[in-house]
Amino acid sequence: MNTPYQILGEDGIRKLAATVYDVMCELPEAETIRGMHNKDLSEVQTKLGDYLIGWMGGPPVYHEKVGTVCLSDPHAAYPIGPDEGNAWLLCFNTALERIGASDELKEMLDEPVRRLVLAVQNREESIKKNTDPNIIGIG
């Protein structure tokens with residue numbers, strides 16, 4: 001069985017990473033997590049591509065640049081609950097569709113990507129939306 005890296009190659013993985021953030025900018029379901037990122041997404045697209053290359057069986061590009069593959073530390077400052085994790089999964093899975101990933105690859109990645117999202121989740125509850133115009137913020 002081929003690894004995801006062997007199936008997609010570095011260019012395919014970088015295209016997937018860029019597409020994840022393209023989707024994040026488009027989907028209303030991803031509005032909250034899009035707001036956790038800078039306006040310019042080029043740096044985070046590169047970082048996700050670097051991470052996924054190693055994570056999918058290729059060379060450890062992210063580790064060589066950052067010195068670790070721990071994802072919880074860089075995400076610790078952001079409130080990531082179940083809804084935020086599900087929004088990211090929606091972006092990732094939509095990106096897989098858009099790049100034309102095979103059913104075999106999507107199935108191969110499904111459970112590991114879910115575990116990755118759970119590892120980054122740092123809250124039991126998701127961010128509550130403020131629907132009351134008399135409340136300035138919800139903490």
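Helix 1 and helix 7 are roughly perpendicular to each other in this predicted model. Their axes cross at roughly 100° and come within 10 Å; helix 7 spans residues 103–120. Since angles of 65 to 115 degrees count as roughly perpendicular, the crossing of helix 1 and helix 7 is therefore placed in that class. On the side of helix 1, the residues that meet helix 7 are Pro4, Ile7 and Leu8. Their counterparts in helix 7 are Leu105, Met108 and Leu109. The contact comprises six nonpolar residues, with no polar and no charged ones.

The confidence of the prediction bears on how these elements may be read. The chain has a mean pLDDT of 91, and 91% of its residues reach 70 or more. Helix 1, residues 4–26, has the highest mean pLDDT among the elements of the chain, at 98. The lowest mean, 84, belongs to helix 5, which covers residues 72–75. Where pLDDT is low, predicted coordinates should not be read in detail.

Helix 1 also contains Asp11. With a relative accessible area of 67%, Asp11 is exposed, because the class of exposed residues begins over 50%. Asp11 is separated from Ile53 by 42 residues in sequence, and the C-alpha atoms of the two are 9.4 Å apart in space.

A second aspartate, Asp50, belongs to helix 3, which runs over residues 42–55. Is Asp50 buried or exposed? Its relative accessibility is 3%, so Asp50 counts as buried, the limit for that class being under 20%. The side chain of Asp50 makes a polar contact of 2.6 Å with the side chain of Arg14. Neighbours within four places in sequence set aside, Asp50 is in contact with Val61, Tyr62 and Lys65 as well as with Arg14.

The loops supply further reference points. Met36 is situated between helix 2 (31–34) and helix 3. At a relative accessible area of 16%, Met36 is buried. Met36 and Pro79 lie 43 residues apart in sequence, with a C-alpha to C-alpha distance of 9.0 Å.

Cys70 occupies the loop that links helix 4 (61–66) to helix 5. Its relative accessible area of 29% makes Cys70 partly exposed. From Cys70 to Val120 the separation is 50 residues in sequence and 9.2 Å in space, taken between C-alpha atoms.

Beyond helix 5, the loop leading to helix 6 (82–98) holds Ala77. How is Ala77 classed by its accessibility? At 68% relative accessibility, Ala77 counts as exposed. Ala77 and Ala101 are 24 residues apart in sequence, and their C-alpha atoms are separated by 32 Å.

Terms used
Residues numbered from 1 in each chain as written. Predicted model: local features only at pLDDT ≥ 70, side-chain atom pairs only at ≥ 80, totals over all residues. Heavy atoms only, no water. pLDDT = per-residue confidence, 0-100. Helix = DSSP H or I, 4+ residues; strand = E, 2+ residues; numbered from the N terminus. Axes fitted to C-alpha atoms, helices over the stretch in contact; angles between N-to-C directions. Parallel < 35°, antiparallel > 145°, perpendicular 65-115°, else oblique. Contact = heavy atoms within 4.5 Å. Nonpolar A, V, L, I, M, F, W, Y, C, P; charged D, E, K, R; others polar. Buried < 20%, exposed > 50% of the residue type's maximum accessible area, 1.4 Å probe, protein only. Polar contact = N/O pair within 3.5 Å; in protein donor to acceptor, adjacent residues only side chain to side chain.
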